[in-house]
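Please open the model in your viewer and keep a selection tool at hand. The stops below move from one chain to the other, with a note at each on what to select and what is found there.

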Amino acid sequence: MKHSKFFRYLAYTLEIILLFVLQEAPNVLPTIHYTRPLLLIPAAVTIAMFESQTASTVFGILCGLLIDIGMINGILGLHAMILALICFIVSYLARDLLQTNVITAFTICCIAMGITVLLQWLLNYVVLGYADPVYALVQHYIPYFLYTVILVFPIYALNRFFVLRIQPPL
Amino acid sequence: MNRFFQTKKFKGLIVVLFLLFSLVLYTSTAGPGAVGDMLNSIAMPLQKVFSSVTGKAQTNTATISKSKEELQAENTKLQQQVNELNQKLTNYYSAVQQNEQYKQFLGIKNEHKDYQLLSASVIERDPNSLFSSFTIDQGSVSGVTKDCPVITSAGLVGWISEVSALSSKVTTILDESSQFGVRDTANRDTGVLDSELKLADQGIVKMSYLANGTTIKKGDQIVTSGLAVESGFGGKFPRGLPIGTVSAIKNSPYDVSLYAEVRPYVNPAKVRDVMVITDFRGKAEAAKESSSQINSSSSGASR
């Protein structure tokens with residue numbers, strides 16, 4: 001029981017590190033309409049759908065801190081705080097109220113990414129007084145949101161695979 | 001529901017959120033500091049290794065795919081030889097690239113003997129950045145400090161905005177927060193180089209606050225003036241760093257002044273190897289000049 005949990009958490013950790021490196025490395029993921037995706041948000045949200053509240057919050061904080069340290073002129077801890085809260089709620093809801101399937105994962109990821117993108121737009125663009133915030137939202141932040149949420153499907157499949165394969169023997 | 005709010009897990013979440021909020025408050029006022037430095041130092045070697053592996057993998061894929069049909073006809077022994085040659089070729093390309101970098105390094109060094117140059121590679125690109133900001137593999141251990149200019153042999157790319165021990169974050173000249181003094185080499189007209197997102201998307205920056213009778217024309221070369229302007233960045237760049245050429249002159253939508261659209265020589269979104277000017281003649285004086293400018297402007301600053 002404990003071993004399977006340990007290996008599953010190890011698999012999640014390796015997945016998060018790999019996704020972080022893929023997300024940040026130059027010339028790996030293609031740039032579409034000026035944007036590249038934020039892979040760690042779908043990863044944190046889909047892990048939260050399968051795991052306990054404590055584990056989900058820890059993985060949410062890990063993903064959030066990695067996003068924060070990758071950001072230039074960003075606020076350290078902001079994404080960690082957002083993802084900790086979202087992952088805790090998702091994990092709680094997934095226990096009794098939500099069906100764990102790809103449609104739910106996509107919907108929750110849209111909400112999580114929507115909150116993140118809106119906060120980024122407000123804090124990193126509007127508050128700084130940069131010109132034409134509507135243009136930035138339409139041409140940069142919305143394509144960035146769409147590019148990220150599309151990738152929830154393979155990431156959900158990978159995490160589901162971990163959950164189904166790394167289980168305690170019956 | 002009330003029972004849920006009294007659970008240990010919920011109380012734990014509140015404590016965690018409080019700690020993270022404290023971190024947010026601390027870093028938003030005092031910068032990333034030791035925590036950011038520590039986290040960057042952990043993540044940086046990973047990014048560096050992956051960045052070099054993907055670089056080599058791309059070269060390998062390209063070389064192998066060129067001779068794929070021939071390789072299919074070859075026997076095992078020849079395949080092995082081809083693979084060995086490919087490996088040598090990869091090393092050769094790497095050496096050529098390095099040699100090219102050193103040549104450029106030497107060229108700039110000969111031209112500006114006062115520059116202390118440090119070669120660096122791009123190891124990370126921030127997907128959250130709208131202005132092509134990136135991270136390089138040199139940090140404070142190698143002598144990089146905040147606001148050091150980042151260049152290529154073609155011209156200015158940006159400046160160092162955050163430094164940790166082993167890596168540094170670079171804000172590019174496309175960034176909307178950039179504001180520094182520039183001049184036209186043909187007629188010595190000066191202006192302020194800034195940017196906005198719409199132009200940055202086309203890879204263009206603006207030379208603003210040109211007088212109505214300006215003689216700047218399309219094709220003129222724009223270089224740094226070395227003067228501190230408002231933000232203080234101007235004073236931190238050495239004089240005469242090439243930026244780009246004027247592509248158009250337009251009326252400012254906000255006042256009667258004109259601005260020139262400048263196409264930079266370097267596209268910060270595609271740059272892979274850069275050089276950091278860690279020291280240059282007059283840097284200390286320029287820094288003093290900038291800090292005094294910041295102090296005097298902070299009393300009446302609008303932002």
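The colouring to begin with is pLDDT, the predictor's confidence in each residue, on a scale from 0 to 100. Helices (H or I, at least four residues) and strands (E, at least two) are DSSP runs, numbered from the N terminus. This is a predicted model, in which local features need pLDDT of at least 70 and side-chain atom pairs count only at pLDDT 80 or more, while totals for chains, interfaces and linings use all residues. Residues are numbered from 1 along each chain as its sequence is written, chains are lettered from A and ligands numbered from 1 in the order in which they are written, and side-chain values use heavy atoms, with hydrogens and water left out.

**Confidence**

For the model as a whole, the scores are ipTM 0.84 and pTM 0.79. Select chain B, where the mean pLDDT is 80 and 78% of the residues reach 70 or more. Among the elements of this chain, strand β11 (residues 258-264) of chain B has the highest mean pLDDT, 94, and helix α7 (residues 283-298) of chain B the lowest, 57. Next select residues 296-303 of chain B, over which pLDDT stays under 50 and for which the model has 5 contacts beyond four places in sequence, a contact meaning heavy atoms within 4.5 Å. Where pLDDT is low, the predicted coordinates should not be read in detail.

**Aromatic pairs in chain A**

A pair of aromatic rings is described by the distance of the centres and the angle of the planes. Rings of Phe, Tyr and Trp (its six-membered ring) pair if their centres lie within 6.5 Å, and planes under 30 degrees apart count as stacked, over 60 as edge-to-face and the rest as tilted. Over all chains, the structure holds 12 aromatic pairs. Select Y12(A) and F59(A), which form an edge-to-face pair with 5.4 Å from centre to centre and 75° between the planes. This pair links distant parts of the chain, since Y12(A) is in helix α1 (residues 2-24) of chain A and F59(A) in helix α3 (residues 53-70) of chain A, 47 residues apart. Both Y12(A) and F59(A) are buried, where buried means under 20% relative accessible area, exposed over 50%, and partly exposed in between (1.4 Å probe, protein chains only).

Now move to F106(A) and F153(A), whose ring centres are 5.3 Å apart and whose planes are at 15°, so the pair is stacked. Because F106(A) lies in helix α5 (residues 102-126) of chain A and F153(A) in helix α7 (residues 152-165) of chain A, the pair ties together parts that are 47 residues apart in sequence. F106(A) counts as partly exposed, at 29% relative accessibility, and F153(A) also counts as partly exposed, at 40%.

Which residues do ring pairs link into a cluster with Y12(A)? Add Y9(A), F59(A), F161(A) and F162(A) to the selection to see the cluster. Then show α3(A) alone: 14 of its 18 residues are buried, and its reach of 26 Å from first C-alpha to last is close to the 26 Å expected at 1.5 Å a residue, the expected span being 1.5 Å times one less than the number of residues.

**Strands of chain B**

Select strand β4 (residues 156-163) of chain B, which is largely enclosed by the rest of the structure, because 7 of its 8 residues are buried. Two strands pair if DSSP finds at least two bridges between them. Strand β3 (residues 149-151) of chain B runs antiparallel to β4(B) and is joined to it by 3 bridges, and these two strands form a hairpin with 4 residues between them. Strand β5 (residues 168-172) of chain B pairs with β4(B) over 5 bridges, also in the antiparallel sense, and β4(B) and β5(B) form a hairpin with 4 residues between them. Where do the bridges of G158(B) lead? Its partners are V150(B) and, in β5(B), T172(B).

**Single residues**

D147(B), in the loop between β2 (134-136) and β3 of chain B, has phi near 75°, a positive value in a residue other than glycine. D147(B) is buried, with a relative accessible area of 12%.
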